[in-house]
Amino acid sequence: MDAARWQKIQDIFDRALAARPDEREFLIESECGGDAAMRDQALSLVAASEKGDVQIRNVIASAADDIGSGEMIRDERIGAYRIERELGRGGMGTVYLAVRDDDEFDKKVAIKIVRSGFAGEELQQRFRSERQILANLDHPNISRLIDGGTTAEGAPYVVMEYVDGIPINDYCEQNALSLESRLELFREVCSAVNYAHQNLIVHRDIKPSNLLVTIDGEPKLLDFGIAKLLDPETTSESAPVTRADMRVMTPEYASPEQVTGVPITTATDVYSLGVVLFELLTRHRPYHFDSRTPAEIERVIRDKPPTRPSDAVTRDNETSDTSPNSEIRDPRPLRGDLDNIILMALRKEPERRYSSVEQFSDDIRRHLADLPVIARQDTQGYRADKFVRRHAGGVAAAAAVTMLIAALVGFYTWQLSAERNRALAETAKAEQVSKFLTDLFAAADPRESGGDQPTAKQILDTGAERIRSELAGQPEVQAALMDVMGVAYQNLGVCLTRQRK
């Protein structure tokens with residue numbers, strides 16, 4: 001095997017080891033570009049490495065020493081910095097923890113270096129591009145560029161702020177953050193990404209391992225190794241997407257335009273942030289791959305609708321009995337706004353996602369403040385519900401006052417109505433009594449009785465009988481007339497007594 005081919009295999013092997021285990025086969029398949037023999041050799045090296053095959057590791061190390069420069073070792077120096085240990089490695093090179101070792105001051109840093117023996121011109125050019133991108137960024141949530149240069153062997157390096165933290169998803173789980181705290185932490189990440197976009201930079205590899213959170217809870221955006229500068233006139237890429245660029249993406253967090261090779265815009269980072277938020281709130285990703293072939297990954301990301309976040313939590317509850325954070329296991333807070341916000345960020349068509357990371361973040365702010373969000377249809381009922389949630393105390397107080405006023409108005413209305421009804425009843429009763437008496441005495445008129453002249457007692461007796469028979473269903477009128485008749489009988493008796501005397 002010639003040195004150039006071995007260099008290519010070693011480079012692929014390094015990238016595969018730096019990737020997550022479930023990403024390695026896809027990465028190797030893509031890197032080899034149809035070269036089956038190279039693919040098999042790289043896969044066998046990874047398999048041997050995973051099994052701890054010491055002999056294979058020794059062969060690789062020996063070949064690396066023969067072909068290119070060796071790894072940095074403890075206490076070696078790069079400029080003013082002394083190497084302490086390796087932090088990690090990947091397709092862009094190796095990252096070391098180092099400390100400034102001169103008379104000026106002590107400071108821990110991360111040094112990323114491309115080994116000259118293995119770095120092709122394309123990789124070195126990409127590395128220099130990353131260094132320039134970092135030099136243009138100054139944000140509290142982005143790992144800062146401190147220094148840069150070229151080693152004596154001709155390998156470019158960059159000295160960055162050392163971030164002593166853990167991936168954002170691990171931080172949320174280890175600290176059992178509430179739903180609201182996760183959303184606020186995510187908004188800080190959005191601030192960093194939006195700042196990069198304002199500087200015409202698309203990150204293109206946003207994932208939890210590039211979002212570290214320090215012990216103080218401060219998120220840091222890392223690794224602009226495959227970032228792209230945008231054309232300020234067209235807001236599209238200044239150069240076409242290359243196959244090499246596609247190879248270094250992370251499939252689980254890649255947008256449809258990344259896997260299909262169409263031009264990249266800031267909408268790509270909106271999409272990846274949507275995947276990250278989905279994972280933070282559900283502990284799952286929106287897609288499941290049956291296999292990890294490039295064709296399968298492209299088909300799923302391009303065509304398959306993402307799972308609704310609340311559905312992912314519901315299914316998780318059906319298959320798991322334990323949870324470190326019961327709030328995150330409850331799908332109800334996700335239904336509605338949060339489902340719609342995440343799904344809007346994950347739309348297949350870039351133009352249908354949020355127009356910016358800032359808009360994405362602001363919709364989360366509006367959700368937290370119980371304001372209407374743009375990811376939800378703005379109906380009158382939806383806005384009214386949001387108003388009630390936003391002003392729960394005031395609405396409750398206003399409702400109580402309204403109910404009190406309504407009760408008082410109702411009471412006085414009832415009282416007035418009762419008085420009116422009583423007055424009407426009394427009027428009707430008086431009219432009925434008057435009419436009865438009028439009819440009674442009209443019947444005693446000789447013209448009506450055929451010429452007979454009834455006595456007063458006969459008139460009263462006739463009236464008493466009619467009161468008993470005709471007014472049996474009207475006790476109040478009956479009582480009033482009986483009272484009148486009683487007075488009449490009493491007066492008649494007095495008169496008769498006086499006549500006898």
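# Close-up views of a predicted model

**Figure 1. Buried residues of helix α13.** In helix α13, the buried residues are Asp337, Leu338, Asp339, Ile341, Ile342, Leu343, Met344 and Ala345. The structure shown here, as in every figure below, is a predicted model. Helix α13 runs over residues 337-345 and is mostly covered, with 8 of its 9 residues buried. Charged residues appear in the buried group beside nonpolar ones: Asp337 and Asp339 are listed together with, among others, Leu338 and Ile341.

**Figure 2. Helix α7 and its buried residues.** Helix α7 covers residues 179-198. With 20 residues at 1.5 Å a residue, α7 should span 28 Å, and the C-alpha atoms at its ends are indeed 28 Å apart, so the expected and the modelled spans agree. Many residue types contribute to the buried part of this helix, including Leu179, Leu183, Leu185, Phe186, Val189 and Val193. Arg182, Cys190, Asn194 and His197 are also among the buried residues of α7, as are Ala192 and Ala196.

**Figure 3. A negative surface patch that includes a residue of α7.** Five residues form this negative patch on the surface: Glu180, Glu184, Glu188, Asp216 and Glu218. One of them, glutamate 188, belongs to helix α7. Is glutamate 188 buried or partly exposed? Glutamate 188 counts as partly exposed because its relative accessibility is 33%, and the partly exposed class lies between 20% and 50%.

**Figure 4. Leucine 200, just after α7.** Leucine 200 is placed in the loop between α7 and β8, the latter comprising residues 201-202. Which sign does the phi angle of leucine 200 have? Leucine 200 takes a positive phi of about 65°, although it is not a glycine. This deserves a remark because most residues other than glycine have a negative phi. With a relative accessibility of 30%, leucine 200 counts as partly exposed.

**Figure 5. Arginine 283, another residue with a positive phi.** The phi of arginine 283 is positive, about 70°, and this residue is not a glycine. Arginine 283 lies in the loop that runs between α10 (267-282) and α11 (294-303). Its relative accessible area is 26%, so arginine 283 is partly exposed.

**Figure 6. Asparagine 141 and proline 219.** Where does asparagine 141 lie? Asparagine 141 is located in the loop between α5 (121-135) and β5 (145-150). Its relative accessible area is 8%, and asparagine 141 is therefore buried. Although asparagine 141 and proline 219 are 78 residues apart along the chain, their C-alpha atoms are separated by 5.8 Å.

**Figure 7. A salt bridge between a loop and a strand.** A search of the whole structure finds 17 salt bridges. In one of these, the side chains of arginine 144 and glutamate 161 meet, with an N to O distance of 3.9 Å. Arginine 144 lies in the loop between α5 and β5, while glutamate 161 lies in strand β6 (residues 156-161), so the pair ties together parts that are 17 residues apart in sequence. Arginine 144 is partly exposed, with a relative accessible area of 35%. Glutamate 161, in contrast, is buried, with a relative accessible area of 16%.

**Figure 8. Two salt bridges of arginine 302.** The side chain of arginine 302 meets that of glutamate 298 in a salt bridge of 3.1 Å, N to O. Both residues lie in helix α11, 4 residues apart, which is about one turn of the helix. Arginine 302 also forms a salt bridge with aspartate 303, where the N to O distance is 2.7 Å. The members of this group are partly exposed: arginine 302 has a relative accessible area of 36%, glutamate 298 one of 26%, and aspartate 303 one of 43%.

**Figure 9. A nonpolar surface patch that includes a residue of α16.** Leu404, Leu408, Phe411, Tyr412 and Trp414 make a nonpolar surface patch of about 590 Å². Tryptophan 414 is found in helix α16, which covers residues 392-443. Is tryptophan 414 buried or exposed? At 57% relative accessibility, tryptophan 414 counts as exposed, because the exposed class begins over 50%.

Note on methods
Residues are numbered from 1 along each chain as its sequence is written. This is a predicted model: local features need pLDDT of at least 70, side-chain atom pairs count only at pLDDT 80 or more; totals for chains, interfaces and linings use all residues. Side-chain values use heavy atoms; hydrogens and water are left out. Patches are made of residues with over 30% relative accessible area and no salt bridge: like charges are joined within 9 Å, nonpolar side chains (Val, Leu, Ile, Met, Phe, Trp, Tyr) within 5 Å. Accessible areas come from the Shrake-Rupley method with a 1.4 Å probe; for residues, only the protein chains shown count as cover. A salt bridge is a side-chain nitrogen of Lys or Arg within 4 Å of a carboxyl oxygen of Asp or Glu. Lys and Arg count as positive and Asp and Glu as negative; His and the chain ends are not counted. The place of a charge is taken as NZ of Lys, CZ of Arg, CG of Asp or CD of Glu. Helices (H or I, at least four residues) and strands (E, at least two) are DSSP runs, numbered from the N terminus. Buried means under 20% relative accessible area, exposed over 50%, partly exposed in between (1.4 Å probe, protein chains only). The expected span of a helix is 1.5 Å times one less than its number of residues.
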